[in-house]
Amino acid sequence: MASGVQVADEVCRIFYDMKVRKCSTPEEIKKRKKAVIFCLSADKNCIIVEGKEILVGDVGVTITDPFKHFVGMLPEKDCRYALYDASFETKESRKEELIFFFVGTRTGTSEK
């Protein structure tokens with residue numbers, strides 16, 4: 001008997017697509033996901049795609065700071081899972097890392 005939370009096939013497909021960078025046309029690159037947010041299904045048994053995402057083609061066009069936009073997409077009082085394709089530079093080279101987040105509810109805020 002298995003226990004724990006299942007992961008929807010679509011979540012696995014999105015993870016694989018973000019992880020594996022294939023040779024792509026400029027139009028295909030624009031459609032590549034920069035960030036995707038996942039949540040638990042209503043019955044709390046499966047991680048599913050929530051539908052909130054940032055596309056690479058939106059960065060610099062409609063979104064100036066993708067990480068700030070990504071953080072703004074997260075709910076304040078609910079948990080989420082997310083994948084973020086981070087790009088950064090070191091002294092030696094430009095790097096890209098796929099980062100998995102588990103975001104719990106925010107604490108330390110005062111409600112008035």
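Two strands are said to pair if DSSP finds at least two bridges between them. With that in mind, the predicted model described here can be read strand by strand, and one bridge makes a good starting point: Ile37 has Ala82 in β4 as its bridge partner. This bridge belongs to the pairing of β2 with β4, which is antiparallel and extends over 4 bridges.

A wider view helps to place these strands. The protein contains 3 helices and 5 strands, and from the N terminus its elements follow the order β-α-α-β-β-α-β-β. Taken along the principal axes, the C-alpha atoms fill a box of roughly 45 × 40 × 30 Å. Of the 112 residues in the protein, 24% are buried. The accessible surface amounts to about 8,200 Å², and carbon and sulfur atoms account for 54% of that area. Among contacts between residues at least 6 apart in sequence, 48% join residues at least 24 apart.

The 5 strands form an open sheet with mixed pairing, in the order β1-β3-β2-β4-β5. At its edges are β1 (6-7) and β5 (94-103), each of which pairs on one side only. In general, strands of a sheet pair through backbone hydrogen bonds, in either a parallel or an antiparallel sense.

Walking across the sheet from β1, the pairing with β3 (residues 46-55) is parallel and has 2 bridges. Here Gln6 has Cys46 in β3 as its bridge partner, while Val7 is matched with Ile47. The next pairing, between β2 and β3, is antiparallel and has 6 bridges; Cys39, for example, has Ile48 in β3 as its bridge partner. These two strands form a hairpin with 5 residues between them, in which Lys44 takes a positive phi near 65 degrees. On the far side of β4, 10 bridges join this strand to β5 in an antiparallel arrangement. One of the residues involved is Tyr84, whose bridge partner in β5 is Ile99. The strands β4 and β5 also form a hairpin, with 4 residues between them.

The loop between β2 and β3 is worth a closer look, and Ser41 lies within it. Is Ser41 buried or exposed? Its relative accessible area is 12%, and since buried means under 20%, Ser41 is therefore counted as buried. The side chain of Ser41 makes a polar contact of 2.5 Å with the side chain of Asp43. Leaving aside neighbours within four places in sequence, Ser41 is in contact with Cys46 and Ile48.

Two of the helices can be described by how they lie on the sheet. Helix α1 (residues 9-19) lies across β1, β2 (33-40), β3, β4 (80-89) and β5, and runs at about 160 degrees to β2. Helix α3 (residues 66-73) lies across β2, β3, β4 and β5, with an angle of about 140 degrees to β3.

Which residues make up the largest nonpolar core? There are 11 in all: Ala35, Ile37, Ile54, Ile63, Phe70, Met73, Leu74, Ala82, Tyr84, Ala86 and Val103. At least two residues of this core come from each of β2, α3 and β4, and β4 gives the most, with 3 residues. Apart from this core lies another, of 10 residues, which include Ile14, Met18, Cys46 and Ile47. Returning to the largest core, one of its members is Met73. Not counting residues up to four places away in sequence, Met73 touches Ile37, Lys52, Glu53 and Ile54.

Strand β4 is mostly covered, as 7 of its 10 residues are buried. Asp85 has its place in this strand. With a relative accessibility of 6%, and buried meaning under 20%, Asp85 therefore counts as buried. Which residues does Asp85 touch, not counting those up to four places away in sequence? They are Met18, Arg21, Lys33, Lys34, Glu96, Glu97 and Leu98. The last of these, Leu98, is 13 residues from Asp85 in sequence, yet the two are 4.6 Å apart in space, C-alpha to C-alpha.

Key: Residues are numbered from 1 along each chain as its sequence is written. This is a predicted model: local features need pLDDT of at least 70, side-chain atom pairs count only at pLDDT 80 or more; totals for chains, interfaces and linings use all residues. Side-chain values use heavy atoms; hydrogens and water are left out. Contact means heavy atoms within 4.5 Å. Axes are lines fitted to C-alpha atoms, for helices over the stretch in contact, and angles run from 0 to 180 degrees between N-to-C directions. A nonpolar core is a set of buried Ala, Val, Leu, Ile, Met, Phe, Trp, Tyr and Cys residues joined through side-chain atoms within 4.5 Å. Buried means under 20% relative accessible area, exposed over 50%, partly exposed in between (1.4 Å probe, protein chains only). A polar contact is a pair of N or O atoms within 3.5 Å; within protein, one must be able to donate a hydrogen and the other to accept it, and residues adjacent in sequence count only if both atoms are side-chain atoms. Accessible areas come from the Shrake-Rupley method with a 1.4 Å probe; for residues, only the protein chains shown count as cover.
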